[in-house]
Amino acid sequence: MLHILGAGSMGLLWAARLQRAGFPTQLILRNIERLAAWQAHAGQLELTDPGQHQHISLSLNAELPDSPEPIRFLLVATKAYAAEDAVRSVQHRLSADADVLLLQNGMGSQQAISRQLPRHRVFYATVTDGAWRPSAHQLIWAGHGQTIIGDPRQGPPPDWLTRWQEHGLTLEWHADIMAILWRKLAINCAINPLTALLDCPNGELLERAHGRLEELSQELQLLMSAFGIPLSLDILRTQLDQVIRQTATNSSSMRQDIHCGRRTEIDFMLGFALRSADQLSLAVPALRKLNAELQTYLATHGLPLD
Ligand SMILES: NC(=O)c1ccc[n+]([C@@H]2O[C@H](COP(=O)([O-])OP(=O)(O)OC[C@H]3O[C@@H](n4cnc5c(N)ncnc54)[C@H](OP(=O)(O)O)[C@@H]3O)[C@@H](O)[C@H]2O)c1
């Protein structure tokens, strides 16, 4: 049994994908109200995959964090700011050999959970799929992306990953997941806050924020290099431009969060980058200015600043 903590867009997408591939899953919902609401719909999920012209209905079991069954595998699918508390709520149920897979965007929550679970193998992932929920029981898999999984302690790939791949799940293993997370963080630190502040789709940044992208890239490259992540400025700029062009019509997750009045994951993007720069006394004025502007913007929208 695979336990999935958090039944939001990513949690439901992974539950559906794993269950359809033949791996039984169990959702863990935060409280009795959420569980009752889920069960009121008989645990049915309507999954629409517009790209594949598919619409399927499947049934997913759910339980509470304090259910008695031990957890052998835990996939954590909450937002980054909720992950530590969510893991704490089920930590007592993890069997000694349980593996944990973290899907959170940004950085910082992963390291905190690794410290929280020193005896378990904790895997990190980056995900570029796009999924959203029109309601608690409906999921739109808007874009198929890439999932890269790795072990920050650089151990071998786990057996479950091979089994999942053999059953048709497209997942990649990377021996240096920290380098992958840093690269994604750098791209997120440039795109997310600027699109939020300018209130524009990703593609407009090339025209409207060209100079700022340049400054931010320079500082992010220096920061990564200081943390032993080799990536030339040219390659970072090329990758950033590619992502902006490939996602030109998309609204970044931070812009969407602000539009919906939801807490953002800024603390796990710019916040993490600034704390990392502070650790090494590295000057990053462009990142700092961007963070200050975003904090002001969030405050004027009445949203949490962390
Ligand atoms: N959605 C995407 O397209 C996408 C793509 C790439 C990466 N990601 C990343 O994936 C992560 C998850 O994003 P998401 O879009 O799936 O977020 P989401 O739709 O907001 O789902 C998060 C879920 O976690 C649940 N949760 C929070 N605390 C919990 C707790 N203590 N116990 C149980 N459940 C708890 C929430 O439940 P409540 O409703 O009860 O709060 C919510 O259902 C984020 O880091 C995001 O950046 C998302």
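1. Start with Cys 200. With 17 C-beta neighbours inside 10 Å, Cys 200 counts as partly exposed, because a residue needs 20 or more such neighbours to be called buried and 12 or fewer to be called exposed. Keep in mind that this is a predicted model. Cys 200 sits in the loop that runs between α6 and α7 (205–208). If you skip its neighbours within four places in sequence, its contacts are Thr 195 and Arg 208. You can also check a distance here: Glu 214 is 14 residues away from Cys 200 along the chain, and their C-alpha atoms are separated by 18 Å.

2. Now zoom out to the domains. The domain assignment splits the chain into domain 1 (2–175) and domain 2 (179–300). Their C-alpha centres are 26 Å apart. In the contact, 13 residues come from domain 1 and twelve residues come from domain 2. On the domain 1 side, α3, β8 (121–127) and β11 (147–150) each supply at least two residues. Sorted by class, that side of domain 1 has five nonpolar, seven polar and one charged residues.

3. Next, the nonpolar core. Which residues touch the most other members of the largest nonpolar core? They are Leu 74, Val 76, Leu 102 and Cys 189, out of 79 residues in that core. Helix α6 (residues 177–198) provides the largest share, ten residues. Why does this core lie between the two domains? Because domain 1 (2–175) and domain 2 (179–300) both give residues to it. As background, nonpolar side chains in soluble globular proteins tend to be buried together.

4. Val 76 is a handy residue to click on. Leaving out its neighbours within four places in sequence, Val 76 is in contact with Leu 5, Gly 6, Ala 83, Ala 86, Val 87, Val 100, Leu 102 and Leu 103. Leu 102 turns up in that list, and Leu 102 is also named among the core residues that touch the most other members.

5. Now for the ligand. There are 28 residues around the ligand, and Gly 6, Gly 8, Met 10, Ala 86 and Asn 105 come nearest. Two of these names, Gly 6 and Ala 86, are also contacts of Val 76. Looking at elements, α1 (9–20), α3 (80–90) and β9 (130–135) each supply at least two residues of the shell. Which element gives the most? That would be α3, with five residues. By class, the shell divides into twelve nonpolar, ten polar and six charged residues.

6. Have a look at the open sheet of eight strands. Its order is β5-β2-β1-β6-β7-β8-β11-β12, and the pairing is mixed. β5 (61–63) and β12 (172–173) stand at the edges, each with a single partner strand, so one side of each has no neighbour in the sheet. Inside the sheet, strand β7 (residues 94–102) runs parallel to β8, and four bridges join them. You can find Asp 99 opposite Arg 121 in β8.

7. Finally, follow β10. Strand β3 (residues 44–49) and strand β10 (residues 138–143) run parallel and are joined by three bridges. β9 and β10 run antiparallel, joined by four bridges, and a hairpin connects β9 to β10 through two residues. Where do Thr 48 and Trp 132 find their bridge partners? Thr 48 pairs with Ile 140 in β10, and Trp 132 pairs with Ile 140 too.

Key: Residues numbered from 1 in each chain as written. Predicted model: local features only at pLDDT ≥ 70, side-chain atom pairs only at ≥ 80, totals over all residues. Near = placed C-beta within 6 Å. Nonpolar A, V, L, I, M, F, W, Y, C, P; charged D, E, K, R; others polar. Domains from an automatic or database assignment. Contact = placed C-beta atoms within 7 Å. Core = buried A, V, L, I, M, F, W, Y, C linked by C-beta atoms within 7 Å. Pairing = 2+ DSSP bridges.
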